[in-house]
Amino acid sequence: MKHILFIIPGLSPGGAEINCLRIARAINRSTNETGIKCSIALLNSARESISRSLKELFDEYLRDIEVFNLGIGTRELSFPGKIKRLFEIPRLLRSEIRKINPDLVVSFLDQINILTVLSLINSPT
């Protein structure tokens with residue numbers, strides 16, 4: 001079975017996050033036909049990033065999706081801490097991606113795309 005890992009900053013009411021969930025859910029619902037499984041990696045922990053008003057919607061979507069809470073985001077840090085963490089994230093993300101061992105990595109949003117590319121330099125994934 002092939003494994004696709006979607007990387008997003010967190011679960012907020014934005015369009016990228018909702019579309020990521022929709023895509024992963026649709027693929028997972030057809031796993032028996034396609035042989036593809038999807039999961040989602042959140043840079044910020046899910047509890048911090050899920051808005052309360054959308055919790056029910058996310059619970060419905062996440063029922064079929066494995067979620068990895070990486071907790072390597074910058075949300076809770078001070079400004080100097082955020083700058084330092086931005087340089088650490090590619091290394092931390094690379095380590096987490098290797099643990100999850102997906103066949104394909106898909107990221108959403110510009111900052112996350114850049115961090116994902118940096119983390120996958122010289123990586124077989």
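Leu 109 sits in the loop between β4 and α6. Look at its backbone. Phi is near 80 degrees, which is a positive value in a residue other than glycine. The side of the story that concerns solvent is intermediate: Leu 109 has a relative accessible area of 39% and is partly exposed. Please keep in mind that this is a predicted model.

There is another positive phi to show you. Asn 101 has phi near 60 degrees, and Asn 101 is not a glycine either. Find Asn 101 in the loop between α5 and β4. With a relative accessible area of 55%, Asn 101 is exposed.

Back to the loop between β4 and α6, where Phe 108 also lies. How many aromatic pairs does the structure hold? One. Its members are Phe 6 and Phe 108. The ring centres are 5.9 Å apart, the planes make 45 degrees, and the pair is tilted. Why tilted? The angle falls between the cut-offs, which are under 30 degrees for stacked and over 60 for edge-to-face.

What does the pair tie together? Phe 6 belongs to strand β1, residues 2–8, and Phe 108 to the loop that follows β4, so the pair links parts 102 residues apart in sequence. Buried or exposed, these two rings? Phe 6 is buried, with a relative accessible area of 4%. Phe 108 counts as buried too, at 14%.

Now the cores. The largest nonpolar core has 16 residues. Phe 6 is among those with the most contacts inside it, along with Ile 8, Leu 11, Leu 21 and Ile 40. Which elements supply this core with at least two residues each? They are β1, α1 (15–29), β2 (36–42) and α4. Helix α1 gives the most, with four residues. A separate core has 14 residues, and its members include Ile 97, Ile 100, Val 105 and Leu 120. As a general point, nonpolar side chains in soluble globular proteins tend to be buried together.

Next, Ile 65. Ile 65 is in the loop between α4 (55–62) and β3 (66–69). Its relative accessibility is 7%, so Ile 65 counts as buried. What does Ile 65 touch, leaving aside neighbours within four places in sequence? The contacts are Leu 21, Ala 24, Arg 25, Asn 28, Cys 38, Ser 39 and Ile 40. Leu 21 and Ile 40 you have met already, in the largest core. Take Asn 28 from that list of contacts. Its C-alpha atom is 7.2 Å from that of Ile 65, although 37 residues separate the two along the chain.

Arg 25 deserves its own slide. Arg 25 lies in helix α1. At 11% relative accessibility, Arg 25 counts as buried, because the cut-off for buried is under 20%. Beyond neighbours within four places in sequence, Arg 25 contacts Glu 60, Tyr 61, Asp 64 and Ile 65.

Last stop, the surface. Which residues make the nonpolar surface patch of about 450 Å²? Phe 79, Ile 83, Leu 86 and Phe 87. Ile 83 lies in helix α5, residues 79–100. At 36% relative accessibility, Ile 83 counts as partly exposed. Set that beside Phe 6, which is buried at 4%.

Key. Residues numbered from 1 in each chain as written. Predicted model: local features only at pLDDT ≥ 70, side-chain atom pairs only at ≥ 80, totals over all residues. Heavy atoms only, no water. Patch = residues over 30% accessible without salt bridge, like charges linked within 9 Å, V, L, I, M, F, W, Y side chains within 5 Å. Areas by Shrake-Rupley, 256 points an atom, 1.4 Å probe, with all protein chains shown as cover. Salt bridge = Lys/Arg side-chain N within 4 Å of Asp/Glu carboxyl O. Buried < 20%, exposed > 50% of the residue type's maximum accessible area, 1.4 Å probe, protein only. Phe/Tyr/Trp six-rings, centres within 6.5 Å; stacked < 30°, edge-to-face > 60°. Contact = heavy atoms within 4.5 Å. Core = buried A, V, L, I, M, F, W, Y, C linked by side-chain atoms within 4.5 Å.
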